[in-house]
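New to this one? Have a look at the sequence and the model first, and then we can walk through a few of its features together.

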Amino acid sequence: IMLSAKDRVRKAHLAIMQHPEFCRFSGVLACGNVTFTEDLPTAATDGWNVFYNPEFVNTTLSDDATLRFVILHEGMHKAVTTRCGAVCSRRTHNWLT
C-alpha cells in the first residue's frame, strides 16, 4: 500500500520520537506546523514550521531512512534558529542594560 506524503511524514515523526537516541528531538518536531505545498521544490523551515513538497517526499525521499534524515535536518534548523535566537536576544538585551 502506498502511503501519502503526509502519512509518510507522520509515520517518520513517530519513528523518530520512539527511537532511543533520536527521541530527544521530539519537542522540536512537535513545535510548529507541517505543511505540504508545491510552492517549493524540496523541504524548508521558517524556524518554527516545516514545509514539504509532496512529490519530493514520495520520489526523492522514497526511502524511509532518507525521509527521517531530512526531517531531522529540518528539525536541527528549527532547534538552532530557536536556541540561537533566544541566546542572541538575551546577550543583546544584557549588553544594552
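Here is a short tour of the nonpolar core and the salt bridges.

## Before we start

Keep in mind that what you see is a predicted model. Two topics come up below: the core, and then the charged pairs.

## The nonpolar core

Let's begin on the inside. The largest nonpolar core has 15 residues, and the members touching the most others are Val 9, Tyr 52, Val 57, Leu 61, Leu 67 and Ile 71. Four elements each bring at least two residues to this core: helix H1 (5–18), strand S3 (50–52), helix H3 (54–58) and helix H4 (64–96). As a general point, nonpolar side chains in soluble globular proteins tend to be buried together.

Tyr 52 is a nice residue to click on. Setting aside neighbours within four places in sequence, Tyr 52 is in contact with Val 9, Val 57 and Ile 71, among others, and those three are also on the list of core members that touch the most others. The contacts of Tyr 52 further include Val 34, Thr 35, Phe 36, Thr 37, Thr 42, Ala 43 and Val 70.

## A salt bridge inside one helix

Now for the charges. Side chains of opposite charge can pair when their charged atoms come close. Searching the whole structure turns up four salt bridges.

One of them joins the side chains of Asp 7 and Arg 10, with 3.5 Å from N to O. Both residues sit in helix H1, three residues apart, which is about one turn of the helix. Asp 7 is partly exposed, at 33% relative accessible area, and Arg 10 is partly exposed too, at 46%.

## Asp 64 and its two partners

Which residues are linked with Asp 64 in a network of salt bridges? They are Arg 8 and Lys 11. Take Arg 8 to begin with: its salt bridge with Asp 64 has the closest N and O atoms 3.1 Å apart. This pair links distant parts of the chain, with Asp 64 in helix H4 and Arg 8 in helix H1, 56 residues apart.

Then there is Lys 11, whose salt bridge with Asp 64 has the closest N and O atoms 3.8 Å apart. Here too distant parts of the chain are linked, since Lys 11 belongs to helix H1 and Asp 64 to helix H4, 53 residues apart.

Are these three residues buried or exposed, or partly so? Arg 8 counts as buried because its relative accessibility is 8%, under the 20% cut-off. Asp 64 is partly exposed at 34%, and Lys 11 is partly exposed at 47%.

Terms used. Residues numbered from 1 in each chain as written. Predicted model: local features only at pLDDT ≥ 70, side-chain atom pairs only at ≥ 80, totals over all residues. Heavy atoms only, no water. Core = buried A, V, L, I, M, F, W, Y, C linked by side-chain atoms within 4.5 Å. Buried < 20%, exposed > 50% of the residue type's maximum accessible area, 1.4 Å probe, protein only. Contact = heavy atoms within 4.5 Å.
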